[in-house]
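Here are some notes for a colleague who is meeting this structure for the first time. They are set out as numbered points and are best read with the model open alongside.

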Amino acid sequence: MRGRRETPDRGSRNASMLKTLPLLVCLGAGIVGGVFFAFSTFVMRGLHRTDPVDAITAMRGINAEAQANAPFLVLFVGSALLSIAVGVLAAVRISQPGSGYLLAGAIVGVVAMVVTVTFNVPLND
């Protein structure tokens with residue numbers, strides 16, 4: 001019919017999402033990983049070179065900023081949430097080639113956030 005648009009079936013939408021979502025997860029997790037790498041290799045070493053009282057004051061400021069920094073939180077939490085979405089889509093299509101790898105990667109992405117929030121963040125308090 002004229003004027004009527006064909007919509008892709010549900011399977012092709014899921015397949016398209018399985019291509020797009022992992023890319024977004026990789027980008028978000030890569031950026032967050034880069035922030036963590038810079039923090040570990042430059043910021044912490046720089047704080048180690050200062051007076052302990054100054055380092056504590058600076059670390060408290062860094063922690064306060066990290067907890068209130070919307071772009072960082074969107075990337076950090078968003079990557080984990082997108083990992084969950086990838087995991088669900090991969091589980092639904094587990095018989096398809098590569099779905100097991102996507103599911104494993106999604107689990108690792110969620111575990112990384114859980115470990116950070118459960119164990120690392122409380123060390124900052």
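1. In what order do the elements of the protein run from the N terminus on? They run α-α-α-α, and the protein accordingly contains four helices and zero strands. Please keep in mind throughout that this is a predicted model.

2. On the protein as a whole, buried residues make up 18% of the 125 residues, while the accessible surface comes to about 9,200 Å², with 68% of that surface belonging to carbon and sulfur atoms. Among contacts with a separation of 6 or more, 65% are accounted for by residues 24 or more positions apart.

3. Which residues form the largest nonpolar core? It has six residues, namely Leu18, Leu21, Val25, Val86, Leu89 and Ala106. Helices α1 (10-48) and α3 (70-92) each supply at least two residues of this core, and α1 gives the most, with three residues. As general background, nonpolar side chains in soluble globular proteins tend to be buried together.

4. Val25, one of the core residues, is a useful place to look in detail, since leaving aside residues up to four places away in sequence, Val25 touches Ser79, Leu82, Ser83 and Val86. Of these neighbours, Ser79, Ser83 and Val86 are among the buried residues of α3.

5. The buried residues of α3 are Phe72, Phe76, Ser79, Ala80, Ser83, Val86, Gly87, Leu89 and Ala90. The N-terminal end of α3 is capped by Asn69, which places a side-chain oxygen 3.0 Å from the backbone nitrogen of Phe72. The length of α3 can also be checked: at 1.5 Å a residue, its 23 residues should span 33 Å, and because its end C-alpha atoms are 32 Å apart, the two values agree.

6. Helix α4 covers residues 99-123, and its buried residues are Ser99, Ala106 and Thr116, with Ala106 also belonging to the largest nonpolar core. At 1.5 Å a residue, the 25 residues of α4 should span 36 Å, and its end C-alpha atoms are 36 Å apart, so expectation and model agree. A reader should nevertheless note that α4 has a kink of about 35°, centred on Val117.

7. Is Ser99, in helix α4, buried or exposed? Ser99 counts as buried because its relative accessibility is 2%, and the cut-off for buried is under 20%. Not counting residues up to four places away in sequence, Ser99 touches Ala90, Arg93 and Ile94, and of these Ala90 is itself buried in α3.

Technical notes. Residues numbered from 1 in each chain as written. Predicted model: local features only at pLDDT ≥ 70, side-chain atom pairs only at ≥ 80, totals over all residues. Heavy atoms only, no water. Buried < 20%, exposed > 50% of the residue type's maximum accessible area, 1.4 Å probe, protein only. Contact = heavy atoms within 4.5 Å. Areas by Shrake-Rupley, 256 points an atom, 1.4 Å probe, with all protein chains shown as cover. Expected span 1.5 Å × (residues − 1). Bend = angle between axes of the 7 residues up to and from the residue. Core = buried A, V, L, I, M, F, W, Y, C linked by side-chain atoms within 4.5 Å. Polar contact = N/O pair within 3.5 Å; in protein donor to acceptor, adjacent residues only side chain to side chain.
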